[in-house]
Amino acid sequence: MRHAFDFLVYSVAFLSGGVLLGLEIVASRILAPYFGNSVYVWGSLISVFLLALSIGYWLGGGLADRRPSLVVLAKILSSAAVCILILPLVYLPVGRYVADLGLEFRFSVLLISVLFFLVPSVLMGMVSPFVIKLSATGLDEIGRTAGRVYAISTLGSISGAIAVSFFFIQWLGTRAIVVVLGLILLFLAVICMAYERKFRDSI
């Protein structure tokens, strides 16, 4: 049972890391119709994603200490999924609206990056502290567990970046990629809930 649990939470760390970097890669295409693909776009995106991860790590660590359960992790994943799945419905009209406000270009790019990507990235940043909390079985292995989780999450991020930039962008449109990323998180949330229910029923 423990091996299955570890496989599940490490898979969550890997895939959520992949979704995060995949979203960052495709984010440039979401902003491109109105803001191009300049250094300001990438500077804004990188800054917003890093800020979101910092907030997510902080909030996730505190919440994991108070409510360490797969149910809470599933709620985090499903909330991030909803935020991502909403994007294809709103990014064109909202992007047009912000572009037409007449704000200074750099501020407009930063604003739209925050509006679209801050919340889902904060939620995904909360995942790693949760996985560490759920995986650790004692204080003597916290460091080893944290290192393992962040290594797995980073490998997932590398895989997500390669998958989206090398393959998905050639095969799928921007909307379809965003939907796939959201569905991956939703699938993980469902699996976490199913595992928790199965565990409770077996007690």
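The following conversation introduces the structure of this protein.

Q: Where does this model come from, and how are residues numbered?
A: This is a predicted model, in which local features need pLDDT of at least 70 and side-chain atom pairs count only at pLDDT 80 or more, while totals for chains, interfaces and linings use all residues. Residues are numbered from 1 along each chain as its sequence is written, and side-chain values use heavy atoms, with hydrogens and water left out.

Q: How many helices and strands are there?
A: The protein contains 7 helices and 0 strands; helices are DSSP runs of H or I with at least four residues, and strands are runs of E with at least two.

Q: What box do the C-alpha atoms fill?
A: Along the principal axes, they fill a box of roughly 60 × 30 × 25 Å.

Q: And how much of the protein is buried?
A: Of its 203 residues, 45% count as buried, that is, under 20% relative accessible area with a 1.4 Å probe and protein chains only; over 50% is exposed, and partly exposed lies in between.

Q: Changing topic, how many disulfides are there?
A: The search of the whole structure finds 0 disulfides, a disulfide being a pair of cysteine sulfur atoms within 2.5 Å.

Q: Why is C83 not bonded to C192?
A: The closest cysteine sulfur to that of C83 is in C192, but it is 17 Å away, which is too far for a bond.

Q: Is C192 buried or exposed?
A: C192 is buried, since its relative accessible area is 0%. C83, by contrast, counts as partly exposed at 25% relative accessibility.
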